[in-house]
Amino acid sequence: TLIEIMVVVVILGILAATIIPQFMGTTTDAKIGAAKAHIAELESALGRLYIHMDRYPTADEGLKVLVDPPTGDDNKKWRGPYITQLRNDPWDHPYQYRCPGTHHPSSFDIWSQGADGAEGGEGENADIGNW
């Protein structure tokens, strides 16, 4: 019976060694999918803000204008909050915002800098944006 138990343990070890590597990339894929969903949500909220205020937020206002009203005369047009909270990307870095955008010169760019938190990169370090 000791031999039977050892055979079962060896078989379980072989199964684990072949199955576990298949699930290693799912965390990265899930984070990339979450970042894309967050960017789509921010893009939609900026569209609603544009309808009410006839403009996109300036670079100084950034994405925080989706939660807090702007200062000055524009706060009368503001009908937010447009999102419940401004969260970081799945790698805990703030989302980047640029208006006018490089990829969208007539509107804005929103992007996550990926796992490395720096511009550019490949794979899991690649930028994820609304372009």
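**Exercise 1. Start from the contact between Phe108 and Asn130, and describe the surroundings of Asn130.**

Step 1. The side chain of Asn130 has a polar atom 3.4 Å from the backbone oxygen of Phe108. That falls under the term polar contact (a pair of N or O atoms within 3.5 Å; within protein, one must be able to donate a hydrogen and the other to accept it, and residues adjacent in sequence count only if both atoms are side-chain atoms).

A word on the model before going on. It is a predicted one, where local features need pLDDT of at least 70 and side-chain atom pairs count only at pLDDT 80 or more, while totals for chains, interfaces and linings use all residues. Residues are numbered from 1 along each chain as its sequence is written, and side-chain values use heavy atoms, with hydrogens and water left out.

Step 2. Place the residue: Asn130 sits in the segment after β3 (128–129). Helices (H or I, at least four residues) and strands (E, at least two) are DSSP runs, numbered from the N terminus.

Step 3. With a relative accessible area of 12%, Asn130 is buried. The classes are buried, under 20% relative accessible area, exposed, over 50%, and partly exposed in between (1.4 Å probe, protein chains only).

Step 4. List the contacts (heavy atoms within 4.5 Å). Setting aside neighbours within four places in sequence, Asn130 touches Ile39, Glu43, His104, Phe108, Asp109 and Ile110.

**Exercise 2. Find the salt bridges and say where their partners lie.**

Step 1. Apply the criterion: a side-chain nitrogen of Lys or Arg within 4 Å of a carboxyl oxygen of Asp or Glu. The structure has 3 such salt bridges.

Step 2. Take Arg87 and Glu41, whose closest N and O atoms are 2.8 Å apart. This pair joins distant parts of the chain, 46 residues apart: Arg87 belongs to the loop between α2 (26–53) and β1 (96–98), and Glu41 to helix α2. Arg87 is partly exposed at 36% relative accessibility, and Glu41 is partly exposed at 33%.

Step 3. Glu61 and Arg55 form another salt bridge, at 2.9 Å from N to O. Glu61 counts as buried, with 19% relative accessibility.

Step 4. Finish with Arg98 and Asp109, at 3.9 Å between the closest N and O atoms. Arg98 is in strand β1 and Asp109 in strand β2 (residues 109–112), so the salt bridge ties together parts 11 residues apart in sequence. Arg98 is partly exposed at 29%, whereas Asp109 is buried at 0%.

**Exercise 3. Describe the nonpolar surface patch that includes Ile3.**

Step 1. Its members are Ile3, Val7, Val8, Ile11, Leu12, Leu15, Ile19 and Phe23, and the patch covers about 770 Å². Patch residues have over 30% relative accessible area and no salt bridge; nonpolar side chains (Val, Leu, Ile, Met, Phe, Trp, Tyr) are joined within 5 Å, like charges within 9 Å. Areas come from the Shrake-Rupley method with a 1.4 Å probe; for residues, only the protein chains shown count as cover.

Step 2. Look at one member: Ile3 lies in helix α1 (residues 2–23) and is exposed, at 65%.

**Exercise 4. Work out how spread out the chain is.**

Step 1. The chain has 2 helices and 3 strands, in the order α-α-β-β-β.

Step 2. Its radius of gyration is 22 Å, well over the 14 Å from the globule rule for 131 residues, so the chain is more spread out than a compact globule. The radius is taken over C-alpha atoms, and the rule is 2.2 Å times the number of residues to the power 0.38.

Step 3. Along the principal axes, the C-alpha atoms fill a box of roughly 80 × 30 × 20 Å. Buried residues make up 25% of the 131 residues.
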